[in-house]
Amino acid sequence: MIKKAINLKETSFTQAINISAQWCNEWGEDLLSEEVLADRVAELIKTKNGLRGFFAYALSDQNCYLLDKLPFSFVFKLQEAGNDVVEIVVKNLIMSSAQIIVHESDNNLEYKSNSENISERCKSILRVLETKSVTKNINQIMNNLDNLGNSFDNSKKYNEKQKQFIKHQILDIAK
């Protein structure tokens with residue numbers, strides 16, 4: 001079997017999701033060490049599509065336990081990646097927290113549970129990343145919370161219940 005080399009710099013968002021799924025599955029089956037996975041992810045998240053694709057997959061897939069376990073070598077690589085990682089994780093925390101309230105209002109318990117899982121994973125990551133960067137990003141979000149919203153273009157703003165819950169989730173990071 002011939003393995004095809006992957007050019008991670010030219011990876012699309014969808015390809016990054018698929019690559020992330022493959023690597024996380026291989027890690028979960030003990031076919032990849034934590035160190036090798038950490039090195040691979042570090043290369044993938046150097047691009048915008050790689051960063052977005054990796055976190056889209058790893059945060060949302062219930063069967064990907066990487067972000068629940070947060071191995072040291074992986075955390076180290078996330079810290080090395082810097083503010084881009086902090087920024088995307090903070091954004092995912094805000095969006096998933098707001099969606100918890102939406103799914104609760106819609107009485108959609110499955111979606112609510114998925115959003116809660118994403119939110120918890122985000123908080124766990126933020127607890128182990130560089131504190132100054134996390135604080136800076138959270139402060140920017142908090143100062144701009146009234147201008148943010150549920151839609152792609154922020155045309156539908158977060159309601160008061162969502163904003164209060166987002167603030168609660170942010171305070172929970174310190175625990």
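**Group meeting talk: helix α5, two domains and some salt bridges**

Okay, let's start with helix α5, where the buried residues are covered by parts that include α2 (34-44), α3 (48-60), α4 (66-69), α6 (83-105) and α7 (109-128). Before I go on, keep in mind that this is a predicted model.

So which residues of α5 are buried? The helix runs over residues 72-81, and the buried ones in it are Ser-73, Phe-74, Val-75 and Leu-78. Right after α5 you come to Gly-82, which has a positive phi of about 80°.

While we're on α5, have a look at Lys-77. Its side chain meets the side chain of Asp-39 in a salt bridge, 3.3 Å from N to O. Lys-77 sits in helix α5 and Asp-39 in helix α2, so this pair ties together parts that are 38 residues apart in sequence. Is Asp-39 buried or exposed? Neither, really: its relative accessibility is 42%, so Asp-39 counts as partly exposed.

Lys-77 has another partner, too. It forms a salt bridge with Glu-80, and there the closest N and O atoms are 3.7 Å apart. This one stays inside a helix: Lys-77 and Glu-80 are 3 residues apart in α5, so about one helical turn separates them. If you're new to helices, here's the background: an α-helix has 3.6 residues a turn, so residues three or four places apart point the same way. As for Glu-80, it has 51% relative accessibility, and because the cut-off for exposed is over 50%, Glu-80 counts as exposed.

Now let's zoom out to the domains. The protein is divided into domain 1, residues 8-69, and domain 2, residues 82-174. Their centres, taken over C-alpha atoms, are separated by 21 Å. Where they touch, domain 1 brings 13 residues to the contact and domain 2 brings 11.

How much area is buried between the two domains? It's about 990 Å², and carbon and sulfur atoms give 64% of that. On the domain 1 side, keep an eye on Phe-55, Leu-59 and Gln-62. Those three supply 56% of the area that domain 1 buries against domain 2, more than any other three residues.

What about charges across that interface? Between domain 1 and domain 2 the count is 1 salt bridge. While I have the structure up, find Arg-121 and Asp-68: their side chains meet in a salt bridge at 2.9 Å, N to O. For polar contacts across the interface of the two domains, the rule finds 7 residue pairs, with both residues at pLDDT 80 or more.

Which helices make up the domain 1 side? α3 and α4 each supply at least two residues of the side that touches domain 2. The largest share comes from α3, with 6 residues. Sort that side of domain 1 by residue type and you get 8 nonpolar, 2 polar and 3 charged.

Next, a residue over in helix α6: Asn-92. Asn-92 has a relative accessible area of 19%, and since buried means under 20%, Asn-92 is buried. Which residues does it contact? Leaving aside neighbours within four places in sequence, Asn-92 is in contact with Leu-59, Ile-118 and Cys-122. You've met Leu-59 already, as one of the three residues that supply 56% of the area domain 1 buries against domain 2.

For comparison, go to Ser-20 in helix α1, which covers residues 13-28. Ser-20 is buried, with a relative accessible area of 1%. Not counting residues up to four places away in sequence, Ser-20 touches Leu-44, Gly-53, Phe-54 and Tyr-57.

Last topic: back to salt bridges. The structure holds 14 of them. One is between the side chains of Lys-112 and Glu-116, at 3.7 Å from N to O. These two are 4 residues apart in helix α7, so they are separated by about one helical turn. Lys-112 is buried, with a relative accessible area of 17%, whereas Glu-116 counts as partly exposed at 32% relative accessibility. And the pair doesn't stand alone: salt bridges that share partners join Glu-104, Lys-112, Glu-116 and Lys-161 into one network.

That's my tour. Go and find Lys-77 with its partners Asp-39 and Glu-80 for yourselves, then look for the network of Glu-104, Lys-112, Glu-116 and Lys-161. Thanks, everyone!

Conventions. Residues numbered from 1 in each chain as written. Predicted model: local features only at pLDDT ≥ 70, side-chain atom pairs only at ≥ 80, totals over all residues. Heavy atoms only, no water. Buried < 20%, exposed > 50% of the residue type's maximum accessible area, 1.4 Å probe, protein only. Contact = heavy atoms within 4.5 Å. Domains from an automatic or database assignment. Buried area = accessible area lost by both parts, 1.4 Å probe. Salt bridge = Lys/Arg side-chain N within 4 Å of Asp/Glu carboxyl O. Polar contact = N/O pair within 3.5 Å; in protein donor to acceptor, adjacent residues only side chain to side chain. Nonpolar A, V, L, I, M, F, W, Y, C, P; charged D, E, K, R; others polar.
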